[in-house]
Protein chains: 2
Amino acid sequence: MKTRDKILLSSLELFNERGERNITTNHIAAHLAISPGNLYYHFRNKSDIIYEIFQEYEKLVDYYLDIPEDRAITLEDLTFYLESVFDGLWSYRFFHRDLEYLLDSDPRLRQDYREFTNRCLAAIDRIFGKLAEGGIIAPQPAELRSAMSLNVWLVITNWMAFLKTAHAADAQANLTLTELKQGIYQVLTLELPYLTPEYRERVLALREKYRPTLPETTEQSGVRLNAVGGVA
Amino acid sequence: MKTRDKILLSSLELFNERGERNITTNHIAAHLAISPGNLYYHFRNKSDIIYEIFQEYEKLVDYYLDIPEDRAITLEDLTFYLESVFDGLWSYRFFHRDLEYLLDSDPRLRQDYREFTNRCLAAIDRIFGKLAEGGIIAPQPAELRSAMSLNVWLVITNWMAFLKTAHAADAQANLTLTELKQGIYQVLTLELPYLTPEYRERVLALREKYRPTLPETTEQSGVRLNAVGGVA
DNA sequence: GACTGCCTAGAGTATATACTCTAATAATAG
DNA sequence: CTATTATTAGAGTATATACTCTAGGCAGTC
């Protein structure tokens, strides 16, 4: 594997694990056992590394959110979309953590991210439309639909931050992909009231698969995941 | 005003304006025209300043989210809760921006924030309960209610980040309280399907007040707030 | 062998950052 | 007034951070 690609890969890995803010270019070089000079031969600066990682992320999500034009979508499609989006979120999870700072320090990124957001919102909106075509949810006026899409987006993009901040007192408690995907439970909660009677049971069953499980790990304060869809 | 209080005030102001990450203790001292030594006489470190600001935030929100035990709540109450929460979010808006980093660097803060989140979630849940008592929304099973509460929390806490990141390409475009409060539109969107017929019109009217207005400022790419509840 | 283009090492640098230390000045109490 | 305490200034420091610069290796080609 080329050094350049190794840099991208290691950066992503380190950023995800410890946060972009805590990882310097020197860390990345050290992790790869290459010199800083070498790293800077391949990338002009840290921003360029991040920008390129973002472009991968963008490409991945765009690929998954390619909604078919010619047919309505099924529950299986919906599951696939949700799973894929959360997979993407997981693989590039560092990104949303320091999003505002990153956008402030790179105008290209700000511009691209803005467009990316709009594409995602449009895709969610289209999914709602196609779900209605498929008779899974009742059709809604365009305006409500787009407000709902935005809520879906807000829930998806904030779910990880919620998990990390509501997590057990141990700072190092690390997130799992399984936990992350419990966000699907929350997203499906948003859609519940709009389901058609024919599909209601099936979606409820699907949703049930993502229900947060009670904490397995021992707990200091004992509350933890009660908040997450459990006891009030 | 005491130097100590001035430090807290200026810190909050600077953090809100430029982000905690971009503000050093030296900046704060310079802004107040005091020496770094003076600042460190009053606070052991930067974390302590942030922790104390958080405690103010906490107190404020707790004060506002004190739900009456003895009666159902009205639409006016609901409006007040929503307005207050977004006011609080606005006044301490730096906090959610770097939340994860802040919690990672201060275990006290992590613990307190966790409990704070749980109190907020419980309050939202109670509000849903009282809204049902007041005949504004249809009562829902506890489990659905708490999943809904969590979604409300996710939308509220992520709304600002969304605005800032979806904002016009100008990095410096600054947010207004009015824009922030359009988050109320999104929150009320979540509640729409659960409204009782008697209240539906009134809540729709209330929601309408927070509908995002079309952008007044000129736009580069011309999309901007379309995403925010507008055209799809 | 010599030339060329790509890659790499590693020491080095300018700046920033959080924080310390000492000494001096105000404020207050007796 | 004196003694004590609270507050402040301001120079200074250890460490970190993003990044630069120079020299050289290595692979292929003639």
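A residue counts as buried under 20% relative accessible area, as exposed over 50%, and as partly exposed in between. With that scale in hand, the charged pairs of this predicted model can be placed one by one.

Glu83(B) is a good place to begin: its relative accessibility is 22%, so this residue is partly exposed. Its side chain meets that of Lys181(B) in a salt bridge, with an N to O distance of 2.3 Å. The two partners come from distant parts of the chain, since Glu83(B) belongs to helix H5 of chain B and Lys181(B) to helix H10 (residues 177-181) of chain B, 98 residues apart. Lys181(B) has a relative accessible area of 12% and is therefore buried. In this bridge, then, a buried lysine is paired with a partly exposed glutamate.

Helix H5 of chain B, which spans residues 75-91, also packs against another helix. Its axis comes within 11 Å of that of helix H9 (residues 142-166) of chain B, and the two cross at roughly 45°. Because of this angle, H5(B) is oblique to H9(B). The crossing of the pair is right-handed. On the H5(B) side the contact is made by Val85(B), Phe86(B) and Leu89(B), which meet Ile156(B), Trp159(B) and Met160(B) of H9(B). The residues of this contact comprise 6 nonpolar, no polar and no charged ones.

A further salt bridge in chain B joins the side chains of Arg4(B) and Glu52(B), at 2.4 Å from N to O. Arg4(B) sits in helix H1 (residues 3-18) of chain B and Glu52(B) in helix H4 (residues 46-64) of chain B, so the bridge ties together parts that are 48 residues apart in sequence. Both ends fall in the middle of the accessibility scale: Arg4(B) is partly exposed at 29%, and Glu52(B) is partly exposed at 25%.

Chain A offers a network to look at. Salt bridges link Arg44(A), Asp48(A), Asp106(A) and Arg108(A) there. Within this group, Asp106(A) pairs with Arg108(A), and their closest N and O atoms are 2.8 Å apart. Asp106(A) has a relative accessible area of 5%, which means that this residue is buried. Arg108(A), by contrast, is partly exposed, with a relative accessibility of 35%.

These bridges are part of a wider set, as the structure holds 38 salt bridges over all chains.

Notes:
Residues are numbered from 1 along each chain as its sequence is written. Chains are lettered from A and ligands numbered from 1 in the order in which they are written. This is a predicted model: local features need pLDDT of at least 70, side-chain atom pairs count only at pLDDT 80 or more; totals for chains, interfaces and linings use all residues. Side-chain values use heavy atoms; hydrogens and water are left out. Axes are lines fitted to C-alpha atoms, for helices over the stretch in contact, and angles run from 0 to 180 degrees between N-to-C directions. Helices (H or I, at least four residues) and strands (E, at least two) are DSSP runs, numbered from the N terminus. Angles under 35 degrees count as roughly parallel, over 145 as roughly antiparallel, 65 to 115 as roughly perpendicular and the rest as oblique. A crossing is left-handed if the near helix is turned anticlockwise from the far one by less than a right angle, and right-handed if clockwise. Contact means heavy atoms within 4.5 Å. Ala, Val, Leu, Ile, Met, Phe, Trp, Tyr, Cys and Pro count as nonpolar, Asp, Glu, Lys and Arg as charged, and the others, Gly among them, as polar. A salt bridge is a side-chain nitrogen of Lys or Arg within 4 Å of a carboxyl oxygen of Asp or Glu. Buried means under 20% relative accessible area, exposed over 50%, partly exposed in between (1.4 Å probe, protein chains only).
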